[in-house]
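Reader: I would like a close look at one part of this protein, namely the side-chain pairings and the surroundings of the residues that take part in them. Please take your time over the reasoning, and tell me where each residue sits as you go.

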Amino acid sequence: MKLKKLFHWTVIAPILAWVIYFLTPDSDSTVILMLCGVFLMLSVFSAVHHSEVIAHKIGEPFGTIVLAISITIIEVALIISLMTAGGKETSHLARDTVFAAVMLILNGVLGLSLLVGSVKFHEQFFARTSANSLLVSLIAILVLTLILPNFTTSANGPVYTQPQLIFVSIACLTIYSTFLLVQTVRHRNYFLPNNKEEVVSVPTAKESILSFITLLVCLGIVVLMAKKLSTPIETIIRNAGLPQSLVGVIIAAVILLPEGIASIKAARKDDLQTSLNLSLGSALASIGLTIPAVAVVCSIFNLDLVLGLDYKSMVLLGLSIFITMLSLSRGKTNILYGVVLLVNLAAYIFTVIYP
């Protein structure tokens, strides 16, 4: 391996971010916080780079799975760390974060990907079978985790009893694991990229190992930096008189940056199939793996877990799912689908600020 690979900015940046984090554990200096924000963003971009290197090495659709699960690890780690530190006051945190992640992915990441691809290529094509497989799995998990708790009667409020939570967690894992079987083994051809013209050099084994290790380093510091910056962000939002639920949206947006950038880049290369694998696959992994993991932690630490959405959020979620289904129903897209999804994203953020 060439020595310059070890001194590439995508390797140096996350290491420096770790150094800054440990040298300034309790600092609330504005300069330090701004520096942490800069290195947080650099670590995110570094994670995108190294996930792409791994994806090129192992091929599709395995490459997109690596990024989707990496994003989910960040999300789960951040939610669990904040819930265990905050106690009962954070009972809504998992629901709000997962909901924000799903809304940002379906409307923001997917919408931008469709818009960017359509502006450059007018129409883009993908396998409807892959979109159907992703959507049927995602919709089932969304209803089981975020909507059904509002209508069960064994417990008061939008919560599950312990047996219900165990059942729903097993159901989520069953659906997601079956989807992975379909995506990687039985119907792998559904998810293969439709752009065969671009030739990409395959990284060596040493380069891939370096990228895998650096990706882990990036994911770890993104979690810690996001947690470090969450309190200052909460203070800024509180002083501005904005709802605290906006904190979850901001943190989710930072966490989803690697996937969003990779998805948009794939769309710009006329590889909408990979873009869909990234966006919808990450949404599926985000909720299908996060809820069971959080359920286990809440059971161990005896924490409350509120899952059911309010009526406004259910309407917005239903609208997002319906628009996404119609946008991906024909196997080709145009600029209108991207614009409508982005308008729906604006409506979601606007109603978070002005509920």
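Author: What follows goes from charged pairs to a serine, then to aromatic rings, the nonpolar core, one helix and a few backbone angles. The model is a predicted one, and every value below is computed from it.

The charged pairs come first. Side chains of opposite charge can pair when their charged atoms come close. Counted with a cut-off of 4 Å between a side-chain nitrogen of Lys or Arg and a carboxyl oxygen of Asp or Glu, the structure has two salt bridges. One of them joins Asp-96 to Arg-95, with 3.1 Å between the closest N and O atoms. Asp-96 is partly exposed, its relative accessible area being 28%, whereas Arg-95, at 12% relative accessibility, counts as buried. The other salt bridge joins Lys-332 to Glu-123, and here the closest N and O atoms are 3.9 Å apart. Because Lys-332 belongs to strand S2 (residues 332-333) and Glu-123 to the loop between helix H5 (93-121) and strand S1 (124-125), this pair ties together parts that are 209 residues apart in sequence. Lys-332 counts as partly exposed at 22% relative accessibility, and Glu-123 likewise counts as partly exposed, at 37%.

The loop that holds Glu-123 has a further feature. His-122 is placed in that loop, between H5 and S1, and its phi is near 70 degrees, a positive value in a residue other than glycine. With a relative accessible area of 62%, His-122 is exposed.

Next comes a serine. Ser-130 is part of helix H6 (residues 128-147) and is buried, with a relative accessible area of 1%. Its side chain reaches the backbone oxygen of Ala-127 at 2.6 Å. Once neighbours within four places in sequence are left aside, Ser-130 is in contact with Tyr-190, Phe-191 and Gln-273.

The aromatic rings can be taken from here. The structure holds six aromatic pairs. In one of these, Trp-18 and Phe-22 have ring centres 5.7 Å apart and planes at 20 degrees, so the pair is stacked. Both residues lie in helix H2 (residues 9-23), four residues apart, which is about one turn of the helix. An α-helix has 3.6 residues a turn, so residues three or four places apart point the same way. Trp-18 is partly exposed, with a relative accessible area of 24%, while Phe-22 is exposed, at 56%. A tilted pair is formed by Tyr-190 and Phe-191, at 6.3 Å centre to centre and with 45 degrees between the planes. Tyr-190 is partly exposed, with a relative accessible area of 23%, but Phe-191 counts as buried at 0% relative accessibility. These two residues are among the contacts of Ser-130. Returning to the stacked pair, ring pairs link Trp-18 and Phe-22 with Tyr-21 into a cluster.

The nonpolar interior is the next subject. The largest nonpolar core has 91 residues, and those with the most contacts inside it are Met-83, Leu-142, Ile-287, Leu-305, Leu-317, Leu-328 and Tyr-348. H5 supplies the largest share of this core, 13 residues. If residues up to four places away in sequence are not counted, Tyr-348 touches Phe-99, Ala-100, Met-103, Val-249 and Leu-316.

One helix deserves its own description. Helix H10 (residues 257-268) has 12 residues and reaches 16 Å from its first C-alpha to its last, close to the 16 Å expected at 1.5 Å a residue. Nine of these 12 residues are buried, so H10 is largely enclosed by the rest of the structure. The buried residues of H10 include Pro-258, Glu-259, Gly-260 and Ser-263, along with Ile-261 and Ile-264. H10 is followed by Asp-270, whose phi is positive, near 65 degrees.

A last backbone angle belongs to Asn-302, which has a positive phi of about 55 degrees although it is not a glycine. Asn-302 is found in the loop between helix H11 (272-301) and helix H12 (311-327), and with a relative accessible area of 65% it is exposed.

How values were computed. Residues numbered from 1 in each chain as written. Predicted model: local features only at pLDDT ≥ 70, side-chain atom pairs only at ≥ 80, totals over all residues. Heavy atoms only, no water. Buried < 20%, exposed > 50% of the residue type's maximum accessible area, 1.4 Å probe, protein only. Helix = DSSP H or I, 4+ residues; strand = E, 2+ residues; numbered from the N terminus. Polar contact = N/O pair within 3.5 Å; in protein donor to acceptor, adjacent residues only side chain to side chain. Contact = heavy atoms within 4.5 Å. Phe/Tyr/Trp six-rings, centres within 6.5 Å; stacked < 30°, edge-to-face > 60°. Core = buried A, V, L, I, M, F, W, Y, C linked by side-chain atoms within 4.5 Å. Expected span 1.5 Å × (residues − 1).
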